[in-house]
Amino acid sequence: MEHLERDVVVIGAGPSGLTAAYELNKAGKSVAVLEARDRVGGRTWTDVMDGATIEIGGQWISPDQSGLYSLIEELGIETFERYKVGKSVYLNEQGEAVIYSGEDFPVAQNTVAQMNKLIGLMNDLAAQMNPDKPWEHPQAEELDKISFHHFLRQNSNDELACNNVGLFIAGGMLTKPAHTFSALQAVLMASSAGSFDNLVDEDFILDRRIVGTMQGVSKTVAERLGEGIVFLDNPVLKLEWFDGGVVAHGQSVTVSAKKVVVAIPPNLYSRISYVPALPRKQHVTHQHQSMGLVIKVHAVYDTPFWREEGLSGTCFGPDALVQELYDNTYIGESTGTLVGFISDAKADAMWELDDEARRAAILKGIAAYLGEKALDPKVFYLSDFAAEEWTRGAYATSYDLGGLHRFGPAQNQNIGPIYFSSSDLAGEGFQHVDGAVRMGRRSAARIIAELDGTSYDESYDGVQTLTIIEDKVSA
Ligand SMILES: Cc1cc2nc3c(=O)[nH]c(=O)nc-3n(C[C@H](O)[C@H](O)[C@H](O)COP(=O)(O)OP(=O)(O)OC[C@H]3O[C@@H](n4cnc5c(N)ncnc54)[C@H](O)[C@@H]3O)c2cc1C
C-alpha cells in the first residue's frame, strides 16, 4: 500500500473531481485523485466501434454552458455543430410518422396553444428562481409538494399537451416518470438551463459537440495534471475525518490530506464508510437523491440515409418506445450514426427482454420514425450506466417528491474537511458537465480560501478559472 501526504485528496476522476484538482494544482496545492474505475471521465466515456466514434455518456454542450466553454477554451479544445439540416419527424398517438419543420410539434392548434401556455408558465416560474437556491423560490414548498405530472394537469386539461411538455423534463432530462418528482424539481431543471424555452429547443440544448469527445476533456485535464496525481483502480470505501484533515483509503493508495473533495454522484455517497459517521442531516439527505434511468441507443449505418431524404434525424414521440432520436455522426465520419433514448419505465421493460428481442424492439422503434432502412445497422450498442457499479443509473440524480426544498439547503455544506462536488449539486448546469465543472471550481475556491486563510466569495459561479480571476486581481 502506497501512502501519500497531500493538501487535498479528490475522490472521483469525473469532470467535477478533475476540474477541482486542476484548479487546486494551478493554485500551488498538492493533490491526489483516487478513481474507482480504470479510466477517467466518469459519466463521459468514448469508444470506437467498427470505425465509428460512440459517445457512451455525456456529449452535448449548449451556448449557456459557459463554465464548460471556458474550460475547453483554456485547454485549447474545439467544438462542432450537431447535424441539424432538414425536417424532423413526430410520431403521433396513432403511431404515424409525421414530417414537420419549425418549433411546434404537428398537433392540433388547440394542443399547441395549451403546450405554449404550460411552457410560458414554466418560463415564468423558472425566471423567479435562483438555481443555486431553488428552495428560496417564492412558491418552493407548494411546488415541491405536487408531482410534475399533477402540476401539468392542474394547469391544462389537454392530455396530449401535458404529455408533450412532460416529456421534455421527465423522459428527456430527469429520466424519471413525471409522477415521481416535484414541480419544483422540474422548475430547477428549466432554471438551470436559463429557461424552459431553452430546454425544449433541441437546437439550443443539444447545440454542439466536443472535438475529441466529451471524455477527451477529462483526459486532457488528467494529462495537464501530469504523473503521480491521478490513481485509477482505487475505489475509496473508507474515509477517516477529523478537525485537521482526512485519510482516504483507496485500493492500493492511502492519502492523508487537509481537505477532501468527494466528487462522486450523490447516490454513491453511502458507498463510503465515514469514520466517524456523517451527521444525521447528511445521512437522511443522501437517501433522497436517486438516479434516473435511461438507455442511450447507438445505431451506426453505412451512410446517414435519412439526410438523402431531407431529414435531420431529429425525431420525437412522447408515447413512443424511443422517445427522442438524433443524428449523432461524429465529425469527419462518412458512416451515419443515430442516437436515441429510452427512459424510465420503458427502459425497465427493455431490460426484461433477452438481447435479441430487445434489439428487435428498439430497432423497430427507430424504424417507426425513419423507415425500414433503420432495421439493419452495422453497429448496435446500448449505454448501460445503470449496470455500472460506480454510477448506477443515468443521466444523474435528483430528489424525490418533496425532497428539494427539505434537503437541498444541506447538499452543498461542507462537513468539516469534507466538500461534496457533483454536477447533480449544481444550480446552473445542473446534471450536466457544465455544472460539474462549475462545482469543481467552486469547491476548489472554497478550499483554497480555507487553506490560505482568505475569504471565499459566495457569489463566485465557477464560470472562470481561479487562475484568470487571480491574474485579473493582480493586474
Ligand atoms: C448516458 C448519459 C448521457 C449524458 N448526456 C449528457 C450531455 O449530452 N451533456 C452533458 O453536459 N451531460 C450529459 N450527461 C451528464 C454528465 O455526463 C454528468 O453530469 C457528468 O459526467 C457529471 O460529472 P461528475 O464529475 O459530477 O460525476 P461523474 O461523471 O459521475 O464522475 C464521478 C467519478 O467518481 C468515480 N467514483 C464513484 N465512486 C467512487 C469511489 N467510492 N471512489 C473513487 N471513485 C469513485 C466514478 O467512477 C466517476 O469516475 C450524460 C450522462 C449520461 C450517463
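The following paragraphs lead through the domains, the ligand site, the sheets and the helix packings of this structure. The model is predicted, and its description begins with the division of the chain.

The domain assignment divides the chain into three parts: domain 1 (2-42 + 214-278 + 415-474), domain 2 (46-64 + 291-387) and domain 3 (87-205). Between the C-alpha centres of domain 1 and domain 3 there are 34 Å. These two domains nevertheless touch, with five residues of domain 1 in contact with six residues of domain 3. On the domain 1 side of this contact, one residue is nonpolar, three are polar and one is charged.

The ligand offers a second view of how the domains are arranged. Its shell is formed by 41 residues, and the closest of them are Gly-12, Gly-14, Ser-16, Gly-42 and Gly-58. Two elements give two or more residues to this shell, namely α1 (15-26) and α16 (433-452). By class, the shell around the ligand holds 20 nonpolar, 15 polar and six charged residues. Because domain 1 and domain 2 both give residues to the shell, the ligand lies between these two domains.

Helix α16, which gives residues to the ligand shell, also packs against another helix. Its partner is α2 (residues 66-75), and the two axes lie 7 Å apart at an angle of about 75 degrees. Angles from 65 to 115 degrees count as roughly perpendicular, and α2 and α16 are therefore described in that way. From α2 the contact takes Gly-67, Leu-68 and Leu-71, while α16 supplies Val-433, Asp-434, Val-437 and Arg-438. Four of the residues in this contact are nonpolar, one is polar and two are charged.

A further helix pair is formed by α6 (residues 159-174) and α7 (residues 183-192), whose axes are 11 Å apart and meet at an angle of about 75 degrees. This angle makes α6 roughly perpendicular to α7. Ile-169, Met-173 and Leu-174 of α6 meet Gln-185, Ala-186 and Met-189 of α7. The contact of α6 with α7 comprises five nonpolar residues, one polar residue and no charged residues.

Attention now turns to the strands. In general, the strands of a sheet pair through backbone hydrogen bonds, in either a parallel or an antiparallel manner. One open sheet of this model has seven strands in the order β8-β7-β17-β18-β19-β16-β20, and its pairing is mixed. At its edges stand β8 (97-100) and β20, each with a single partner strand, so one side of each has no neighbour in the sheet. On average, and with direction ignored, neighbouring strands of this sheet are turned by 20 degrees against each other.

Within the seven-stranded sheet, β16 (residues 294-301) and β19 (residues 336-343) are antiparallel and share eight bridges. One of the bridge partnerships places Tyr-301 opposite Gly-336 in β19. Two helices lie across strands of this sheet. Helix α13 (residues 344-352) lies across β16 and β19 and runs at about 105 degrees to β19. Helix α14 (residues 355-370) lies across β7 (87-91), β8, β16, β17 (311-316), β18 (324-327), β19 and β20, and runs at about 120 degrees to β7.

Another open sheet consists of three strands in the order β5-β9-β6, with antiparallel pairing. Its edge strands, β5 (60-61) and β6 (79-81), each pair on one side only. Strand β6 is joined by three bridges to β9 (residues 208-210), and in this pairing Glu-81 has Arg-208 as its bridge partner.

Strands β3 (residues 46-49) and β4 (residues 52-55) run antiparallel and are joined by four bridges. Val-48 stands opposite Thr-53 of β4. The two strands form a hairpin with two residues between them. Asp-50, found in the loop between β3 and β4, has a phi near 50 degrees, a positive value in a residue other than glycine.

Two loops elsewhere contain cis peptide bonds. The bond from Val-275 to Pro-276 is cis, with omega near 0 degrees, and Pro-276 is placed in the loop between β14 (273-275) and α11 (280-286). The bond from Ala-394 to Tyr-395 is likewise cis, with omega near -5 degrees. Tyr-395 belongs to the loop between β20 (379-383) and β21 (397-399).

Notes
Residues are numbered from 1 along each chain as its sequence is written. This is a predicted model: local features need pLDDT of at least 70, side-chain atom pairs count only at pLDDT 80 or more; totals for chains, interfaces and linings use all residues. Domain bounds come from an automatic or database domain assignment. Two residues are in contact if their C-beta atoms, placed from the backbone, lie within 7 Å. Ala, Val, Leu, Ile, Met, Phe, Trp, Tyr, Cys and Pro count as nonpolar, Asp, Glu, Lys and Arg as charged, and the others, Gly among them, as polar. A residue is near a molecule or strand if its C-beta atom, placed from the backbone, lies within 6 Å of it. Two strands pair if DSSP finds at least two bridges between them. Axes are lines fitted to C-alpha atoms, for helices over the stretch in contact, and angles run from 0 to 180 degrees between N-to-C directions. Angles under 35 degrees count as roughly parallel, over 145 as roughly antiparallel, 65 to 115 as roughly perpendicular and the rest as oblique.
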